[in-house]
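Colleague: I'd like to go through this model with you, a bit at a time. Can you put it up?

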Amino acid sequence: RVFLRAINQYADMLNKKFLDQANFELQLWNNYFHLAVAFLTQESLQLENFSSAKRAKILNKYGDMRRQIGFEIRDMWYNLGQHKIKFIPEMVGPILEMTLIPETELRKATIPIFFDMMQCEFHSTRSFQMFENEIITKLDHEVEGGRGDEQYKVLFDKILLEHCRKHKYLAKTGETFVKLVVRLMERLLDYRTIMHDENKENRMSCTVNVL
């Protein structure tokens with residue numbers, strides 16, 4: 001809780017002193033995002049790994065601090081305005097890590113950041129190739145590391161498709177991208193499940209699908 005308060009003070013200062021065009025500090029903002037995501041993903045806050053009694057006790061006393069800092073990260077991202085493009089594709093990985101935390105409200109609040117990144121890169125370069133390459137690379141790494149699940153895949157699909165379909169220029173390319181990532185996620189999750197299967201044919205089949 002002490003760290004959370006400190007990070008929020010840091011965020012206030014960034015918004016007040018280092019956001020406008022004349023005083024913008026890329027490194028400070030970078031540090032903020034990396035620090036906040038490291039806080040959110042630390043082992044001691046992953047409540048689903050605790051017994052139900054311990055989880056209830058922590059929630060009762062402190063609430064889910066991951067949700068609190070996650071909403072703050074989301075707001076800080078949107079505060080960046082025209083500076084957002086400076087954080088693509090570098091910030092895709094940390095944001096992905098945050099959205100993969102198995103907390104539904106946090107996921108719903110933060111997955112739309114991906115659409116904002118797509119939109120931002122599209123306005124700058126007329127494509128979102130950098131974002132697309134980065135999320136595919138990072139997703140592979142994260143799922144292999146044990147993160148991600150069926151619910152995440154469904155939410156990712158639903159939320160991003162809704163956003164893309166409302167956009168004049170991203171409707172078609174956005175939908176193709178979402179379908180590609182969801183299909184990749186399906187195969188990666190299958191592969192992770194079957195990795196320890198005794199049946200070599202099953203393992204080979206999943207490997208071929210991923211490739």
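Modeller: Let us begin with E142, which is buried, with a relative accessible area of 6%. Keep in mind that this is a predicted model.

Colleague: Which helix does E142 lie in?

Modeller: E142 lies in helix α8, residues 129-144.

Colleague: What does E142 touch, leaving out residues up to four places away in sequence?

Modeller: L96, E97, L100 and R147.

Colleague: What does E142 form with R147?

Modeller: A salt bridge, in which the closest N and O atoms are 2.6 Å apart. The side chains of E142 and R147 are also listed as making a polar contact, at 2.6 Å.

Colleague: And R147 itself, how accessible is that?

Modeller: R147 counts as partly exposed, because its relative accessibility is 38% and the partly exposed class runs between 20% and 50%. E142, at 6%, is under the 20% limit and therefore buried.

Colleague: How many salt bridges does the structure hold?

Modeller: It holds 14.

Colleague: Let's take K153 next. Which residue does its side chain meet in a salt bridge?

Modeller: E150, with 2.8 Å from N to O. Both K153 and E150 lie in helix α9, residues 150-166, and they are three residues apart, about one turn of the helix.

Colleague: Is K153 buried or exposed?

Modeller: K153 is buried, with a relative accessible area of 10%. E150 is partly exposed, with a relative accessible area of 47%.

Colleague: What about D157, which residue does that form a salt bridge with?

Modeller: K179, and the closest N and O atoms are 3.9 Å apart. This pair links distant parts of the chain, since D157 is in helix α9 while K179 is in helix α10, residues 171-194, and 22 residues separate them. K179 is partly exposed, with a relative accessible area of 38%.

Colleague: Which residues are joined into one network by salt bridges that share partners?

Modeller: E48, D64 and R66.

Colleague: Changing topic to helix packing. At what angle do α1 and α4 pack?

Modeller: At about 10 degrees, with the axes of helix α1 (residues 2-17) and helix α4 (residues 65-79) 11 Å apart. Angles under 35 degrees count as roughly parallel, so α1 and α4 are roughly parallel to each other.

Colleague: Which residues meet there?

Modeller: From α1, L4, I7, N8, A11, L14 and N15. From α4, they meet M65, Q68, I69, E72, M76 and N79.

Colleague: Now A36. Where is that found?

Modeller: A36 is found in helix α2, residues 26-41. A36 counts as buried because its relative accessibility is 0%. Leaving out residues up to four places away in sequence, A36 touches I7, I69 and I73. Of these, I7 and I69 also appear among the residues where α1 and α4 meet.

Colleague: What separates the C-alpha atoms of A36 and D149?

Modeller: 23 Å, for two residues that are 113 residues apart along the chain.

Colleague: Last one. What does UniProt list for residues 1-159?

Modeller: The unreviewed UniProt entry lists them as "domain: Dedicator of cytokinesis TPR repeats region". In the model, the chain over residues 1-159 is 71% helix and 0% strand, and the end C-alpha atoms of that stretch are 31 Å apart.

Note on methods
Residues are numbered from 1 along each chain as its sequence is written. This is a predicted model: local features need pLDDT of at least 70, side-chain atom pairs count only at pLDDT 80 or more; totals for chains, interfaces and linings use all residues. Side-chain values use heavy atoms; hydrogens and water are left out. A salt bridge is a side-chain nitrogen of Lys or Arg within 4 Å of a carboxyl oxygen of Asp or Glu. Buried means under 20% relative accessible area, exposed over 50%, partly exposed in between (1.4 Å probe, protein chains only). Helices (H or I, at least four residues) and strands (E, at least two) are DSSP runs, numbered from the N terminus. UniProt positions are given in the numbering used here, feature names are shortened, and annotations may be inferred rather than shown by experiment. A polar contact is a pair of N or O atoms within 3.5 Å; within protein, one must be able to donate a hydrogen and the other to accept it, and residues adjacent in sequence count only if both atoms are side-chain atoms. Contact means heavy atoms within 4.5 Å. Axes are lines fitted to C-alpha atoms, for helices over the stretch in contact, and angles run from 0 to 180 degrees between N-to-C directions. Angles under 35 degrees count as roughly parallel, over 145 as roughly antiparallel, 65 to 115 as roughly perpendicular and the rest as oblique.
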